[in-house]
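Morning, everyone. Please look at the model on the screen while I talk about its strands.

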Amino acid sequence: MSDHYAEVEWTNQTHSTQTDTYSRDHTVTLENGQIIENSAAPSYLGNAKSSNPETLLLAALASCHMLTFIAVASKRGYQVLHYKDKAKGTLGKNVNGRMAITHCVLNPEISFSSEKKPTSDELEKLHDSAHRNCFIANSLNMHVEIIPSDDT
């Protein structure tokens, strides 16, 4: 077990382009001191130059899946040389009619060392194991689809 911390700080100020509302800009300070300039998504009057909660959630899921995949692959004797994922999350209404990330597609491109490469079936099993053991995926209530790149 471990605890993790993040600090979110916002100060009231007028929106940069709409004077009748407030700015969504704020900072997120991670437990290691890294500061992220954050805002709402642009469609919710946020700053397009900043990250937003929806994208950070998607990045957390994709990153956790990747780290878990690499660990599972390594334990099964595969050496991952490169991993890249262009993840996509869809914001919509959940079963309760509330706005949520309702669907996520992970689209990893993975290269392995030439000594041992997984077959299509083995690759599917690696992703399944990674998904079942991913801390973030186990914390979320949405459909996560994994579509490995054909280049894998």
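**Strands and sheets**

Start with one pair: Lys93 has Met99, in S6, as its bridge partner. This is a predicted model, where local features need pLDDT of at least 70, side-chain atom pairs count only at pLDDT 80 or more, and totals for chains, interfaces and linings use all residues. Residues are numbered from 1 along each chain as its sequence is written, and side-chain values use heavy atoms, without hydrogens and water.

Now the terms. Strands (E, at least two residues) and helices (H or I, at least four) are DSSP runs, numbered from the N terminus. Two strands pair if DSSP finds at least two bridges between them.

Six bridges join S5 to strand S6, residues 99–106, and the two run antiparallel. Which order do the strands of the open sheet take? The order is S5-S6-S8, with mixed pairing. S5 (88–93) and S8 (143–146) are the edge strands, each pairing on one side only.

Helix H1, residues 53–75, packs on this sheet. H1 touches S5, S6 and S8 (contact means heavy atoms within 4.5 Å). The direction of H1 makes about 35° with that of S6. Such angles run from 0 to 180 degrees between N-to-C directions, with axes fitted to C-alpha atoms, for helices over the stretch in contact.

Next, a hairpin. S2 (residues 26–30) pairs with S3 over four bridges, antiparallel. Val28 stands opposite Ile36. Four residues lie between the strands, and Gly33 takes a positive phi near 95°.

In S3, residues 35–38, are the side chains of Ile36 and Asn38 buried or not? They are buried (under 20% relative accessible area, 1.4 Å probe, protein chains only; exposed is over 50%, partly exposed in between). Ile35 and Glu37 point to the other face and are not buried.
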